[in-house]
Amino acid sequence: MMKKKKTLRDIPIEIRAEKALREAVANAITEHKRAGVPITIWHDGKVVQIPPDQIEVHEEHVEYEILPKNGQ
């Protein structure tokens, strides 16, 4: 018996949205560093600017498990 290939539609919308948001943030941070533009963040109740040479770029790679739907 062949397993059905899982598609993007099999992943719940809230997980797809979170993944897209994480990727967008990672891309924006990477672009700021590449362009030499500081990023501004909220840290310990204060607005803080991080200079481009201090920006740490981390690749956002998250694995999700697709759980069976109820009754299947």
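**Figure 1. Lys19 and its salt-bridge partner Glu23 in the predicted model.** Lys19 counts as partly exposed because its relative accessibility is 37%, a value that lies between the 20% limit for buried and the 50% limit for exposed. The model shown here and in the other views is predicted. Lys19 forms a salt bridge with Glu23, and the closest N and O atoms are 2.3 Å apart. The two residues are four places apart in helix H1, so about one helical turn separates them. Glu23 has a relative accessibility of 35% and therefore also counts as partly exposed. An α-helix has 3.6 residues a turn, so residues three or four places apart point the same way.

**Figure 2. The salt bridge between Glu18 and Arg22.** In this pair the closest N and O atoms are 2.9 Å apart. Both residues belong to helix H1 and are four residues apart, about one turn of the helix. Glu18 is partly exposed, with a relative accessibility of 35%. Arg22 is likewise partly exposed, at a relative accessible area of 36%. Arg22 is also one of the residues that line the second largest pocket, the subject of Figure 5.

**Figure 3. The salt bridge between Glu31 and Arg34.** The side chains of Glu31 and Arg34 meet at an N to O distance of 2.4 Å. Helix H1 holds both residues, which are three residues apart, about one turn of the helix. Glu31, at 38% relative accessibility, counts as partly exposed. Arg34 is exposed, its relative accessible area being 61%. A search of the whole structure finds three salt bridges. Side chains of opposite charge can pair when their charged atoms come close.

**Figure 4. Helix H1 and the residue that follows it.** The protein chain has one helix and two strands, and its elements run α-β-β from the N terminus on. Helix H1 covers residues 13–35. With 23 residues, H1 reaches 32 Å from its first C-alpha to its last, close to the 33 Å expected at 1.5 Å a residue. Gly36, just after H1, takes a positive phi of about 75 degrees.

**Figure 5. The second largest pocket and its lining.** The volume of this pocket is about 170 Å³. Its lining consists of Arg22, Val25, Ala26, Ile29, Ile39, Ile50, Gln54, Ile55, Glu56, Val57 and His58. Helix H1 gives the most to the lining, with four residues. By class, seven lining residues are nonpolar, two are polar and two are charged.

**Figure 6. Val48 and its contacts.** Val48 is located in strand S2, which spans residues 46–50. Its relative accessibility is 29%, so Val48 counts as partly exposed. When neighbours within four places in sequence are left aside, Val48 is in contact with Ile39, Thr40, Ile41 and His43. Ile39 also appears among the residues lining the second largest pocket. Pro38 is 10 residues from Val48 along the chain, and the C-alpha atoms of these two residues are separated by 9.9 Å.

**Figure 7. The whole protein chain, for orientation.** Of the 72 residues of the chain, 7% count as buried. Among contacts between residues at least 6 apart in sequence, 34% join residues at least 24 apart.

Technical notes
Residues numbered from 1 in each chain as written. Predicted model: local features only at pLDDT ≥ 70, side-chain atom pairs only at ≥ 80, totals over all residues. Heavy atoms only, no water. 1 Å grid on protein atoms, 1.4 Å probe; cavity = no way out; pocket = protein on both sides within 12 Å on 5 of 7 lines; lining within 4 Å. Points joined across faces, edges and corners; volume = space filled by probe spheres on them. Nonpolar A, V, L, I, M, F, W, Y, C, P; charged D, E, K, R; others polar. Buried < 20%, exposed > 50% of the residue type's maximum accessible area, 1.4 Å probe, protein only. Contact = heavy atoms within 4.5 Å. Salt bridge = Lys/Arg side-chain N within 4 Å of Asp/Glu carboxyl O. Expected span 1.5 Å × (residues − 1).
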